[in-house]
Amino acid sequence: MVGHMAVREARRKFSEMLGRVRYDGETVILESSGTPVAAVLPIGRYRQLMEQRAARFETVDAIQAGMPAYPEEEVEADIAAAIGALRKVGRARHP
């Protein structure tokens, strides 16, 4: 369950908020002037997210390790050529 709480209210009700997180397993989104600024979540959920993050980075690293290396200049030239081609197409559509 996800709850929302103003930062000012969270200051006043800090113990209550922590209780909701710790005992009820709730995630609390802290808001300042209606804008989300932080989340307080159960430590188990945090650990789970960090493990998932690490696994994703390991996957990316494995994919990158299997890819051929290209010189930075070659990559930048390919990108510049692709951008140029797209701009040319855009100019042809909107003269």
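The following dialogue discusses how to read several features of this predicted model.

Me: Which pattern does the protein chain follow when read along the sequence?

Reply: The order of elements is the place to begin. In this predicted model, the protein chain runs β-α-α-β-β-α-α, with four helices and three strands in total. Its radius of gyration is 24 Å, well over the 12 Å that the globule rule gives for 95 residues, so the protein chain is more spread out than a compact globule. Along the principal axes, the C-alpha atoms fill a box of roughly 60 × 40 × 20 Å.

Me: What share of the 95 residues is buried?

Reply: Buried residues account for 14% of the protein chain. The exposed area is about 8000 Å², and carbon and sulfur atoms supply 57% of that area. As for contacts between residues at least 6 apart in sequence, 32% join residues at least 24 apart.

Me: How should one read the two sides of a helix, and which residues of α2 are buried?

Reply: An α-helix has 3.6 residues a turn, so residues three or four places apart point the same way. Helix α2 spans residues 14-24, and its buried residues are M17, R20 and V21. These residues lie on the same side of α2 because they cover an arc of only 90° around the axis. The other side of α2 carries the exposed residues S15, R22 and Y23.

Me: What covers the buried residues of α2?

Reply: The cover includes strand β1 (2-6), helix α1 (7-12), strand β2 (27-32) and strand β3. Just after α2 comes G25, which has a positive phi of about 70°.

Me: How many salt bridges are counted, and which residues form them?

Reply: Side chains of opposite charge can pair when their charged atoms come close. The count here is two salt bridges. In one, E9 meets K13 with an N to O distance of 3.3 Å. E9 is partly exposed because its relative accessible area is 25%, and K13 is likewise partly exposed, at 31%. In the other, R20 pairs with E26, and the closest N and O atoms are 2.6 Å apart.

Me: Are R20 and E26 buried or exposed?

Reply: Both R20 and E26 are buried. R20 thus appears twice in this account: as a buried residue of α2 and as a partner of E26 in a salt bridge.

Me: How does one place a single strand residue, and what does T27 touch?

Reply: One asks for its element, its accessibility and its contacts. T27 is in strand β2, and T27 counts as buried because its relative accessibility is 18%, where the cut-off is under 20%. Leaving aside residues up to four places away in sequence, T27 touches M1, V2, G3, A39, V40, L41 and P42.

Me: Where does T35 lie, by comparison?

Reply: T35 belongs to strand β3, which covers residues 35-40. With 44% relative accessibility, T35 counts as partly exposed. The C-alpha atoms of T35 and A6 are separated by 9.1 Å, while the two residues are 29 residues apart along the chain.

Me: Which residues make the nonpolar surface patch?

Reply: A patch is read from nonpolar side chains at the surface. Here I43, Y46, L49 and M50 make a patch of about 350 Å². L49 is part of helix α3, residues 43-65, and its relative accessible area of 31% makes L49 partly exposed.

Technical notes
Residues are numbered from 1 along each chain as its sequence is written. This is a predicted model: local features need pLDDT of at least 70, side-chain atom pairs count only at pLDDT 80 or more; totals for chains, interfaces and linings use all residues. Side-chain values use heavy atoms; hydrogens and water are left out. Buried means under 20% relative accessible area, exposed over 50%, partly exposed in between (1.4 Å probe, protein chains only). The arc is that of the directions from the helix axis to the C-beta atoms. Contact means heavy atoms within 4.5 Å. Patches are made of residues with over 30% relative accessible area and no salt bridge: like charges are joined within 9 Å, nonpolar side chains (Val, Leu, Ile, Met, Phe, Trp, Tyr) within 5 Å. Accessible areas come from the Shrake-Rupley method with a 1.4 Å probe; for residues, only the protein chains shown count as cover. A salt bridge is a side-chain nitrogen of Lys or Arg within 4 Å of a carboxyl oxygen of Asp or Glu. The radius of gyration is taken over C-alpha atoms; the globule rule is 2.2 Å times the number of residues to the power 0.38.
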